[in-house]
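Thank you all for making the time; I would like to walk through one model this morning, going from single residues out to the contact between the chains. Please have the viewer open while I talk.

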Amino acid sequence: MDRVDGRLKVTGAAKYSAEYELPNMAHAVLVGSTIAKGSIKSLDTKRAENAPGVLAVLHYQNAPKVPGYAQAAHPTEPKPVGQPLQLFIDNQIHFNDHPIAVVVADTLERAMYAAKLVKAQYNEEKHATDFNRNTAKAFLPTAAKRNPKHPLGDYVRGKEDAYKIEPLKIESEYVIPTEFHNPMELQSIIAHWEAADKLTVYDKTQAVMGTQNAFAKDWKIPVENVKVIATFVGGAFGNGLHTWPHETAAIMAAKKVNRPVKLMLTREQMFTMVGYRPHAWQKVGMSATKDGKITAITHEAIGQTSSYEEFTESTLQQTRMMYTSPNVTTRYRILPLDVSTPIWMRGPGEATGAFALESALDEMAFVLGMDPLEFRLINHTDKDPEKNLPWSTKYLKEAMQMGAERIGWSKRQLKPGMVKNGEWLVGYGMGVGTFGANRGRAKVKATLHKDGTLVMQSATTDIGPGTGTAMVQIAAQNLGLPPEKIVFELGSSLYPPSPSQGGSATVATVGSAVHAACQALKQRLTSMVAGNADTSFKGATVENLTFKDGYVSMTASPSARLSFADILKQQNLPELEVTEESTPDASLRQKYSMYSYSVHFAEVQVHPLTGQIKVTNMVSCADAGTIINAKTAGNQMVGGAVGGIGMALTEGAVMDHRFGRYVTKDLAEYHVPVHADAPNISSLFVNKPDLINNPNGTKGIGEIAIIGVAPAIANAIFNATGKRIRELPITPDKLI
Amino acid sequence: MIQFQYVKPSKPKAAIDTVAKDQSAVFIAGGTNLVDLMKRGVMNPEKLVDINKLPLRKIERENGNVRIGALALNGAVAEDKLVLEKHPLLAQALNAGASAQLRNMATVGGNMMQRVRCPYFYDTAMPCNKREPGTGCGALEGYNRMHAIFGHSDKCIAVNPSDMNVALVALDAVVLVSGPKGDRKIPFAEFHRLPGDTPQIHTNLQQGELIMAVDVPENPYTKNVNYLKIRDRNSYAFALVSVAAALDLDGSTIKSARLAMGGVAHKPWRLNEAEQFLAGKPATEATFRQAAQLAMRGAKAFEHNKFKLTLGPNTIVQALKNASGVA
């Protein structure tokens with residue numbers, strides 16, 4: 001089935017947050033600091049205030065107070081992620097481009113001009129932004145300090161660091177640089193105070209409810225007084241998962257000038273204001289027996305965070321459960337620097353961790369003289385070795401077999417540099433990905449109208465995966481109604497609650513609520529026909545009825561048949577409305593371990609003289625439960641693979657540490673991959689349901705689409721060249 | 001809003017006079033670089049003289065040259081039959097630059113005039129002698145992976161970002177210029193400058209001088225040519241190193257060669273010594289390697305661009321191999 005909103009998107013009819021026009025709307029531009037640490041000595045806003053069209057210049061001395069800011073829960077402790085930088089509360093500078101003022105004017109151009117006129121003098125302090133020079137300052141996250149059993153805490157299964165005393169071992173360090181989400185759509189918000197205690201925001205966000213709650217708390221107004229509209233989101237990859245200072249800046253500005261205010265970040269500001277995948281250092285030690293059984297893994301990681309917020313991610317989770325190893329040690333630390341706070345970026349943590357773990361697997365296999373696919377199969381585990389639980393479902397072996405056949409894995413030679421295409425060296429590599437098959441709680445309202453159409457509503461978002469399309473299909477299948485008669489509305493806080501669109505959980509979460517709503521509708525329709533004066537449906541139950549093409553019929557005697565529309569007419573009902581909530585069964589989660597899996601295969605060619613790298617073929621295979629829509633699921637896999645190509649070969653932010661300021665902050669200097677970097681990418685699905693996870697049998701795809709891609713490419717480059725590159729991105733200069 | 005005047009004359013003389021009289025006026029053609037620089041506050045001209053109405057788009061044979069009008073679009077030149085026949089090296093270089101969208105906006109004259117892509121030049125919060133003389137070179141002790149290994153000074157180590165320029169310098173192109181004091185011809189190798197003590201001056205054009213056309217003399221380099229660009233991604237990225245190589249072969253003997261590099265200096269970098277060495281030699285990888293070593297004499301790298309000392313000669317060898325067909 002095609003995307004339900006495909007036409008709207010390609011014709012420009014889809015409306016994104018910055019595209020709304022409200023009467024009397026003003027425009028705001030954020031001004032950032034030019035130092036990384038210190039305080040504002042003086043702020044000259046006179047010229048900006050006097051510039052034509054300027055309505056206000058807000059900063060720490062005059063900005064409206066945010067009443068909720070006073071309530072920091074534990075003022076003496078570092079804030080966990082999710083409590084963003086408090087805007088304009090004092091003159092302190094925590095990172096380069098720290099917001100120091102917001103300029104509001106009647107037009108965007110005037111606001112942009114006046115923003116350039118704001119000048120600050122600083123008391124500069126010595127900043128620390130260089131990860132490598134500060135690793136000694138890394139510490140155990142507070143959550144793990146308080147509770148050693150916390151998933152971020154140190155983990156030992158069997159003997160600690162057991163690989164060290166083994167004869168056959170590897171020990172390697174891996175580095176990934178800071179990477180930026182860079183969705184096509186810039187972060188933007190329109191803030192509109194419809195009354196003194198009533199706020200509406202048209203906001204780019206993945207979290208309708210999260211945004212609503214955050215601003216209600218900030219401004220101490222009832223939750224229902226905050227309306228969040230995010231009908232379309234032009235990609236986000238995680239940077240719309242919590243609220244950011246620019247959103248508060250727009251809300252403050254709207255309050256101050258008493259007009260709706262639009263604020264859209266510049267592409268440059270996307271590098272400092274809305275998070276990133278943090279720079280990470282990792283070390284893996286691994287040992288194995290001669291016949292390929294892993295005996296021990298130690299995986300350590302340090303991830304970058306800011307000085308004012310503790311950002312953590314599950315970098316090491318997969319190392320604990322992916323392979324059979326009896327001895328596993330993991331240690332996770334975070335390193336605060338004078339930079340802005342990171343945020344989850346597609347495959348958060350796991351994509352970082354998989355680069356190290358799956359590269360190390362390849363290194364170990366090479367030491368053993370073993371095919372890396374065979375090595376993984378030998379160490380495949382049929383139960384979760386961390387939790388000692390069975391998997392809900394796991395079809396990773398099937399996915400591996402599909403992928404190996406499609407890429408032509410048999411062409412791979414154990415010894416690097418053996419396969420050539422003219423002058424070019426050809427190599428094959430693989431990498432495995434996994435991510436928790438998450439499911440949350442969501443509510444869906446479903447209204448069957450007397451014309452036989454169904455409208456469903458829920459406050460989820462669609463950041464691109466095709467949520468609306470998938471929900472329509474789930475409803476079509478469950479209710480027996482053609483998809484063209486179904487509409488799924490999302491992206492508004494007026495709809496029943498759904499969690500943020502993150503963690504690959506939307507289809508499992510909201511799809512289950514759609515399933516429940518359809519079941520409820522079927523139940524209601526059944527009661528209606530069973531009670532009909534016409535006795536042809538006598539004794540009808542949901543089980544003995546057939547729901548198909550918008551009709552209900554008795555399975556045993558199909559001549560008794562009524563359309564949904566006629567049933568409503570008979571009852572004299574204009575519509576039939578149900579609202580259903582779906583919650584995962586907690587007891588099942590104690591009995592089973594639930595994960596999605598992917599395996600990626602890459603074929604690369606490397607030029608031995610110039611270091612040029614071409615990814616010539618990629619096959620990404622997933623065990624993601626039932627595939628609702630092959631097209632949108634395939635898009636997810638291909639998009640993730642392209643993201644992984646970026647991670648492996650092109651993406652990485654560079655900072656000049658003398659200034660603590662990025663030098664790569666536009667799309668010309670920060671290299672997201674382009675079409676010329678991406679080959680034809682095949683995506684294959686095992687497509688077997690996981691009915692323990694949810695009634696639709698789905699498991700998430702978004703994260704596993706990228707997790708494991710970067711090591712697949714790095715491993716293929718090793719197979720082509722014999723060069724093991726452990727610091728991303730792998731650019732031509734590293735291969736000559 | 002930053003106010004500037006905008007005029008669109010239809011006669012070259014009017015355009016030239018306007019800019020000649022006004023130090024704060026600049027010509028604008030495709031605008032693919034200038035508009036970005038204005039948005040960032042790097043360039044703040046008070047008057048834009050749009051030259052798009054001037055009749056400077058033709059590509060024609062003229063007196064033993066292929067004459068390319070200053071307003072010919074990069075994309076159009078790359079696909080032009082005459083260019084493909086007489087100067088395939090130029091077509092290859094043009095297609096290696098930017099993206100299809102940019103090539104369809106950018107002009108040949110504008111491409112010659114594009115400014116450096118050094119991040120310190122672009123960020124007004126950072127030091128840059130080119131943007132603000134006397135503030136220092138941010139790249140010298142900063143991030144200099146993309147920077148020069150030839151002809152730099154302690155005032156500036158940025159590189160000319162153009163691909164087209166590398167081919168044009170190799171092909172002995174001549175720039176036809178018209179100015180307040182009349183017309184003149186500038187050999188391509190003398191059009192761009194080394195930074196020296198005045199990196200803020202980026203070409204040898206005088207105020208008000210307008211590029212009318214570029215002449216590329218017809219030559220024997222119509223077959224054995226290669227423009228090889230090594231970059232961090234396969235499109236829309238500036239060169240780490242690029243090489244324009246052209247050979248006139250007699251069997252397997254090199255009669256003459258043209259060779260230039262991009263991504264290594266503040267101007268497109270012609271390799272005269274290596275060219276002379278190649279003349280009369282057999283077209284073998286060993287010969288190419290010796291030429292490449294000659295070409296790298298005097299190269300000096302910085303903290304992050306030392307790889308260019310290896311990638312440079314390797315790319316020369318590979319471009320010569322590609323041009324000659326020597327496997």
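Let me begin with a question: does B:S178 count as buried or exposed? Before I answer, a word on what you are looking at: this is a predicted model, in which local features need pLDDT of at least 70 and side-chain atom pairs count only at pLDDT 80 or more, while totals for chains, interfaces and linings use all residues. Residues are numbered from 1 along each chain as its sequence is written, chains are lettered from A and ligands numbered from 1 in the order in which they are written, and side-chain values use heavy atoms, with hydrogens and water left out.

Now the answer: B:S178 counts as buried because its relative accessibility is 11%, where buried means under 20% relative accessible area, exposed over 50% and partly exposed in between, with a 1.4 Å probe and protein chains only. B:S178 is found in strand β6 of chain B; helices (H or I, at least four residues) and strands (E, at least two) are DSSP runs, numbered from the N terminus. Leaving aside neighbours within four places in sequence, B:S178 is in contact with B:I16, B:D183, B:G208, B:E209, B:L210 and B:M212, contact meaning heavy atoms within 4.5 Å. The C-alpha atoms of B:S178 and B:C137, on the other hand, are separated by 33 Å, with these positions 41 residues apart along the chain.

One of those partners, B:I16, takes us to helix α1 of chain B, residues 12-21, where B:A15, B:I16 and B:V19 are buried. These three cover an arc of only 95° around the axis, which puts them on the same side of α1(B); the arc is that of the directions from the helix axis to the C-beta atoms. As a reminder, an α-helix has 3.6 residues a turn, so residues three or four places apart point the same way. The face of α1(B) turned away from the buried side carries the exposed residues B:K13 and B:K21, whereas the buried residues pack against β2 (25-28), β3 (47-50), β6 (174-179) and β8 (210-217) of chain B.

Let me turn to chain A, and to A:V104 in strand β6, residues 99-105 of that chain. A:V104 counts as buried, at 0% relative accessibility, and its C-alpha atom is separated by 6.7 Å from that of A:A26, 78 residues apart along the chain. Beyond its neighbours within four places in sequence, A:V104 has contacts that include A:A26, A:V54, A:L55 and A:V257.

Some backbone details of chain A also deserve a look. A:N182, in the loop between β9 (169-176) and β10 (188-195), has a positive phi of about 45° although it is not a glycine, and at 12% relative accessibility it counts as buried. A:N687, in the loop between β33 (681-685) and α16, likewise is not a glycine and has a positive phi, of about 60°, but A:N687 counts as partly exposed, at 41% relative accessibility. A cis peptide bond joins A:L728 and A:P729, with omega about -5°, and A:P729 is found in the segment after α16 (709-721).

Finally, how do the two chains meet? In this model 39 residues of chain B are in contact with 36 residues of chain A. The area buried between them is about 3100 Å², of which carbon and sulfur atoms give 59%; buried area here is the accessible area (1.4 Å probe) that two parts lose on being put together, summed over both. B:M1, B:R233 and B:N234 supply 21% of the area that chain B buries against chain A, more than any other three residues.

I will close with A:T129, which is found in the loop between β7 (119-124) and α4 (142-146) of chain A and counts as buried at 5% relative accessibility. The C-alpha atoms of A:T129 and A:S306 are separated by 9.5 Å, although these residues are 177 residues apart along the chain. Setting aside neighbours within four places in sequence, A:T129 is in contact with several residues, among them A:N134, A:L337, A:M655 and A:H657.
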